[in-house]
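Trainee: Please take a close look at the packing in this model. I want one part in detail, with its surroundings.

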Amino acid sequence: MKRTTIDLWVGLFVVGGLAALLVLALKVGNATTVTAADGYRVTAEFDNIGGLKPRAPVKSAGVVVGRVASIAFDNDKFVARVTMLLDKTYRFPKDTTASILTSGLLGEQYIGLDGGGDDEVLKDGDRMRLTQSAMVLEKMISRFLYSKAEEGPQGDRP
Amino acid sequence: MIGALDRGLRHLGARVVDGIWKLGAASRFTATLLLRSGTSLRRFQLTLDEIHFAGVLSLIIIIVSGLFVGLVLGLQGYETLKRYGSAEALGTLVALSLVRELGPVVSALLFASRAGSAITAKIGIMKSTEQLSAMEMMAVDPFARVLAPIFWGGAISMPLLAAIFSAFGVFGGYLIGVVIIGVDAGAFWSQMQASVDLWDDVMNGVIKSAVFGVAVTLIALFEGYDAPPTAEGVSYAVTRTVVTSALAVLALDFVLTSFMFTGV
């Protein structure tokens with residue numbers, strides 16, 4: 001084989017390109033998240049999920065413990081059924097509360113888990129009974145306005 | 001008056017017919033190229049040489065441009081994000097804009113002007129000096145021996161170049177954001193990792209750059225093969241390669257983006 005320098009450079013180029021891809025996948029992207037193999041699925045039903053999306057983080061005490069696997073609409077109960085994939089190294093009691101929270105003022109929405117006191121832990125396929133829906137800004141404002149209107153006559157108007 | 005209108009219409013008609021003729025010729029050219037690609041896989045040394053030409057020799061411009069695009073993104077992004085008190089989101093901004101858009105598109109544009117123009121010039125001159133005809137006379141298929149290896153070399157090099165561009169861009173953003181301005185390094189990387197998805201973002205970027213590589217290399221090869229065999233013809237063909245592939249890359253980018261990043 002002649003022209004070994006070209007082979008060497010092409011080899012270096014391909015290795016460099018693949019290394020760049022690997023860096024993008026591991027360092028920039030989140031290839032190292034929970035996969036179906038090493039996690040368990042639990043579901044929760046919410047009256048309103050707000051802007052929650054699939055792959056949103058599930059956090060407990062601020063630590064990411066899983067991801068939202070899928071979101072479906074239950075046409076019988078008119079609620080949203082959210083399936084979460086939790087890392088199996090973390091165990092939560094049966095009476096864990098799942099609430100939809102927002103990171104920061106305008107950040108993305110995630111599910112927060114607050115552990116309860118039950119002795120039994122959630123297993124694959126279980127459903128969390130205690131949930132708290134997302135805060136919808138319009139509802140909060142209208143509630144605020146109604147409460148203002150109720151106390152209106154005794155208010156600061158002369 | 002009527003004469004001018006007549007001439008205008010004739011000119012327009014000739015342009016349209018010429019465009020359609022060219023499209024048909026390009027499709028036939030592509031089909032022939034793909035059908036006779038066997039040699040470039042069997043004699044892989046030919047393809048390796050073309051990867052060396054299209055990929056390795058483009059590395060410098062790709063690395064330097066990627067680094068500078070990342071530096072500028074870091075600076076501009078920081079100035080804007082600072083106003084909303086979310087300078088830690090700089091990592092997300094730099095990584096997403098590079099991996100999704102700038103990496104594939106800018107490296108494809110650079111690739112078109114660095115490698116595409118050279119491919120057109122090479123093929124055009126081989127045609128005008130009748131080297132391609134001479135090959136046919138010797139029963140050597142120019143498609144299999146010359147054109148297909150160039151095509152595969154370009155198609156293989158482009159995704160790797162785009163990945164290198166994005167990686168160096170992220171490094172540039174890190175240099176400006178974390179090393180010089182002083183954004184918290186942990187927040188920079190963790191916010192980036194939380195919002196960049198392996199399949200939705202990184203892999204779609206790779207798919208984009210592969211499509212761009214195929215498009216740019218095909219345009220360059222066809223313009224060279226189709227060039228009138230004169231010095232002027234070749235020079236026009238080189239210009240057309242750069243212009244057409246830039247437009248094709250941008251249009252394809254819009255189409256691919258509207259397919260990839262819709263919905264949830």
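Mentor: Domain bounds come from an automatic or database domain assignment. For chain A that assignment gives domain 1 (1–30) and domain 2 (36–137). Their C-alpha centres lie 41 Å apart. The model is predicted: local features need pLDDT of at least 70, side-chain atom pairs count only at pLDDT 80 or more, and totals for chains, interfaces and linings use all residues. Residues are numbered from 1 along each chain as its sequence is written, while chains are lettered from A and ligands numbered from 1 in the order in which they are written.

Start with the two chains. Chain A has two helices and eight strands (DSSP runs numbered from the N terminus: H or I of at least four residues, E of at least two). Its order is α-β-β-β-β-β-β-β-β-α. Chain B has ten helices and zero strands. Its C-alpha trace spans about 65 × 60 × 35 Å along the principal axes. Of the 264 residues of chain B, 45% are buried (20 or more other C-beta atoms, placed from the backbone, within 10 Å of their own). In chain A, buried residues make up 25% of 158. Contacts (C-beta atoms within 7 Å) can be sorted by sequence separation. Among those between residues at least 6 apart, 88% in chain B join residues at least 24 apart. The figure for chain A is 64%.

Now the part to study: the largest nonpolar core (buried Ala, Val, Leu, Ile, Met, Phe, Trp, Tyr and Cys joined through C-beta atoms within 7 Å). This core holds 80 residues. B:Phe151, B:Ala163, B:Ile164, B:Val216 and B:Leu221 touch the most other members. Chain A gives two or more residues through α1 (4–28). Chain B does so through α3 (44–54), α4 (59–83), α5 (90–128), α7 (142–181), α8 (185–195), α9 and α10 (231–260). The largest share, 21 residues, comes from α7(B).

B:Ala163 shows how the chains meet. Leaving out residues up to four places away in sequence, B:Ala163 touches A:Gly17, A:Ala20, A:Leu21, A:Leu24 and B:Val206. Apart from the largest core lies another, of 24 residues, among them A:Tyr40, A:Val42, A:Val82 and A:Met84.

Next, the contact between the chains. It takes 24 residues from chain B and 21 from chain A. On the chain B side, α3, α5, α7, α8 and α9 each give two or more residues. Here too α7(B) gives the largest share, six residues. By class, that side has 17 nonpolar, four polar and three charged residues. Pro joins the core residue types as nonpolar, Asp, Glu, Lys and Arg are charged, and the others, Gly among them, are polar.

Two helices of chain B deserve a look. α9(B), residues 198–226, has 29 residues and reaches 40 Å from first C-alpha to last, close to the 42 Å expected (1.5 Å times one less than the number of residues). It has a kink of about 25 degrees centred on B:Asn204 (the angle between axes fitted to the seven residues ending there and the seven starting there). α4(B) has 25 residues and reaches 36 Å, close to the expected 36 Å. Its buried residues include B:Gly66, B:Gly70, B:Gly74 and B:Gly77. B:Ile62, B:Val69 and B:Leu73 are also among them. The cover over these buried residues includes α5 and α7 of chain B. After α4(B) comes B:Gly85, with a positive phi near 65 degrees.

Note on methods
A residue is buried if 20 or more other C-beta atoms lie within 10 Å of its own, exposed if 12 or fewer, and partly exposed in between; C-beta atoms are placed from the backbone. Two residues are in contact if their C-beta atoms, placed from the backbone, lie within 7 Å.
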